[in-house]
Amino acid sequence: MLDQISDWEQLTLARYAHRTMRRPVSGRIAFVGDSAHSTSPQLGQGANMALLDVAALSHALETAGDLDAALAAYAAARRNHVALFQLLSLLFTPFYQSDSTALAWLRDRLVATVARTPPMQGLLASIVSGTLIDPFKPAGLAECDWQAVRGGADGRGQAAAPAIST
């Protein structure tokens, strides 16, 4: 298939936009994932952010007194986490989507060097895992205890499905 491409004019290069709704709700409609906050893919957070949105919305619908309160709680719970990752993605975008060879050269050397320094390893891991700030607590949720699931709370490698509500 690649043999059919003979020059750059046959390719369409991807361009991404960062768009975030002021509030991920409108009337009785809740928006989640890219419909609420689209971003470029440098941090690999698209599916993660959508799943966190849905978890926060689900918890808000279960615990709030009415729909308006649930939608307001959902919007508030996701506000800071979404804003942080939108900002990080916006900052990283020029290094990954620029036609500048200088930015690519700088990115390749800087990331390789920074990734090897001990304090930055944890920081980079928390960025790509989506946990630079706690995405669960503002939504009234708790992260699953994956060690218990993996090791098996019953000693046979099995554990009950983790509860996520706090």
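Q: A salt bridge is a side-chain nitrogen of Lys or Arg within 4 Å of a carboxyl oxygen of Asp or Glu. What makes Asp108 and Arg107 count as one?
A: Their closest N and O atoms are 2.9 Å apart. The limit is 4 Å, so the pair passes. Keep in mind that this is a predicted model, where local features need pLDDT of at least 70, side-chain atom pairs count only at pLDDT 80 or more, and totals for chains, interfaces and linings use all residues. Residues are numbered from 1 along each chain as its sequence is written, and side-chain values use heavy atoms, leaving out hydrogens and water.

Q: Why is Arg107 called buried?
A: Buried means under 20% relative accessible area, exposed means over 50%, and partly exposed is in between (1.4 Å probe, protein chains only). Arg107 comes in at 17%, so buried it is.

Q: And why does its partner Asp108 count as partly exposed?
A: Asp108 has 41% relative accessibility, so it gets the in-between label.

Q: How many salt bridges does the whole structure have?
A: The search finds 2. Besides the Asp108 and Arg107 pair, there's Arg78 with Asp53, at 2.6 Å from N to O. Arg78 is in helix H2 and Asp53 in helix H1, so this bridge ties together parts that are 25 residues apart in sequence. Arg78 and Asp53 are both buried. Helices (H or I, at least four residues) and strands (E, at least two) are DSSP runs, numbered from the N terminus.

Q: Why is Ala50 called partly exposed?
A: Ala50 sits in helix H1. Its relative accessibility is 23%, so it counts as partly exposed. In space, Ala50 is 9.3 Å from Ser35, C-alpha to C-alpha, with their positions 15 residues apart in sequence.

Q: Why does Ile5 get the partly exposed label?
A: Ile5 belongs to the segment before strand E1 (19-20). Its relative accessible area is 38%, so that label fits.

Q: How do you know where there's empty space?
A: Rolling a probe the size of a water molecule over the atoms shows where it is left. On a 1 Å grid over the protein atoms alone, a cavity is a set of points where a 1.4 Å probe fits but cannot get out, while a pocket is an open set with protein on both sides within 12 Å along at least five of seven lines; lining residues have an atom within 4 Å of a point.

Q: What lines the largest pocket?
A: This pocket has a volume of about 360 Å³. Its lining has 17 residues, with Phe92, Tyr96, Arg107, Val111 and Leu124 closest to the centre. Helices H2 (67-96), H3 (101-114) and H4 (118-128) each give two or more residues. By class, the lining has 15 nonpolar, 1 polar and 1 charged residues. Ala, Val, Leu, Ile, Met, Phe, Trp, Tyr, Cys and Pro count as nonpolar, Asp, Glu, Lys and Arg as charged, and the others, Gly among them, as polar.

Q: Which residues lie nearest the centre of the second largest pocket?
A: Those are Asn48, Leu52, Phe136, Glu143 and Trp146, out of 15 lining residues. Helix H1 (residues 46-63) gives the most, with 4.

Q: How many cavities of 30 Å³ or more are there?
A: The count is 1, with about 80 Å³ of space. Its lining divides into 4 nonpolar, 7 polar and 1 charged residues. H2 supplies the largest share, 4 residues.

Key. Points joined across faces, edges and corners; volume = space filled by probe spheres on them.
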